[in-house]
Amino acid sequence: MKTVSAIALLISSLGVALPSMAEEAKTKPNTKTVKKTPAKKSAKEAAAAADDEKEPDVAGLTGTPYDCELGNKLTIYQLSDKDEIALHWNKRLHHMARVSTTTGANRFENLKKGLVWIGIPAKGMLLDSKKGQQLANECKSLEQSAPKAASNG
């Protein structure tokens, strides 16, 4: 008899608890459907992204051609501002903005396309930061490819 009483008590308490739990679930907001709003870009990032979109005007500028390994070629145009270049790669002109480095290397980036140009005195390389791969390596201008004159002392 005690078992039957215990079961009856358990069933009646579930009958009271389940409707109140169902009512609570209806009033609780569904957190799975809440959409996050993207973080706003700073003014500097927004300006850089807008510059990355536009194709630079290189009319009247002389470019520096680079020959890279595996037959890759690119051309760099120095824009009026020393902190910007135009890089001709893959049949397109890309606006690139200087990024400061601690090593002294010349680093230019196009955030929108994910392109990164790193130039050192001996060579340059073009990277795709979005895919994490090299696009062109051992890039040398005519000046960099020219053999250095041996100085006899």
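**Exercise 1: the disulfide**

State the hand of the link of Cys68 and Cys139, then place both residues in the chain and give their burial.

Solution.
Step 1. The angle about the S-S bond is 110°, and the link of Cys68 and Cys139 is right-handed.
Step 2. This is a predicted model, in which local features need pLDDT of at least 70 and side-chain atom pairs count only at pLDDT 80 or more, while totals for chains, interfaces and linings use all residues. Residues are numbered from 1 along each chain as its sequence is written, and side-chain values use heavy atoms, with hydrogens and water left out.
Step 3. A disulfide is taken as a pair of cysteine sulfur atoms within 2.5 Å. Cys68 and Cys139 meet this with S to S 2.1 Å, and the count of disulfides comes to one.
Step 4. Cys68 sits in the loop between E1 and E2 and Cys139 in strand E8, 71 residues apart, so the disulfide links distant parts of the chain. Helices (H or I, at least four residues) and strands (E, at least two) are DSSP runs, numbered from the N terminus.
Step 5. Buried means under 20% relative accessible area, exposed over 50%, and partly exposed in between (1.4 Å probe, protein chains only). Cys68 has 9% relative accessibility and therefore counts as buried; Cys139, at 0%, is buried too.

**Exercise 2: overall make-up**

How many helices and strands are there, and in which order do the elements run?

Solution.
Step 1. The protein has three helices and eight strands.
Step 2. Read from the N terminus, the order is α-α-β-β-β-β-β-β-β-β-α.
Step 3. Of the 153 residues, 24% are buried.
Step 4. Contact means heavy atoms within 4.5 Å. Among contacts with a separation of 6 or more, 28% are between residues 24 or more positions apart.

**Exercise 3: nonpolar cores**

Identify the largest nonpolar core, the elements that give two or more residues to it, and another core.

Solution.
Step 1. A nonpolar core is a set of buried Ala, Val, Leu, Ile, Met, Phe, Trp, Tyr and Cys residues joined through side-chain atoms within 4.5 Å.
Step 2. The largest such core has 14 residues, and Leu74, Leu87, Trp117 and Leu126 have the most contacts inside it.
Step 3. Two or more residues come from each of strands E2 (73–78), E3 (84–89), E6 (115–119) and E8 (133–139). E3 gives the most, with three residues.
Step 4. Another core lies apart from this one; it has five residues, among them Val58, Tyr77, Leu79 and Ala86.

**Exercise 4: the aromatic pair**

Classify the ring pair of Tyr66 and Trp117 as stacked, tilted or edge-to-face.

Solution.
Step 1. Rings of Phe, Tyr and Trp (its six-membered ring) pair if their centres lie within 6.5 Å; planes under 30 degrees apart are stacked, over 60 edge-to-face, and the rest tilted.
Step 2. The count is one aromatic pair. The ring centres of Tyr66 and Trp117 are 5.3 Å apart and the planes stand at 70°, so the pair is edge-to-face.
Step 3. Tyr66 belongs to strand E1 (residues 64–67) and Trp117 to strand E6, 51 residues apart, and the pair links distant parts of the chain.
Step 4. Tyr66 and Trp117 are buried.

**Exercise 5: the hairpin and Asn137**

Describe how E7 and E8 are joined, then give the surroundings of Asn137 in E8.

Solution.
Step 1. Two strands pair if DSSP finds at least two bridges between them. Strand E7 (residues 124–128) and E8 run antiparallel and are joined by four bridges.
Step 2. Asp128 stands opposite Gln133 in E8. The hairpin has four residues between the strands, and Gly132 takes a positive phi near 70°.
Step 3. Asn137, in strand E8, has 11% relative accessibility and so counts as buried.
Step 4. The C-alpha atoms of Asn137 and Met125 are separated by 4.5 Å, with the residues twelve apart along the chain. Leaving out residues up to four places away in sequence, Asn137 touches Cys68, Glu69, Lys123, Gly124 and Met125.
Step 5. A polar contact is a pair of N or O atoms within 3.5 Å; within protein, one must be able to donate a hydrogen and the other to accept it, and residues adjacent in sequence count only if both atoms are side-chain atoms. The side chain of Asn137 makes one with the side chain of Gln134 (3.1 Å).
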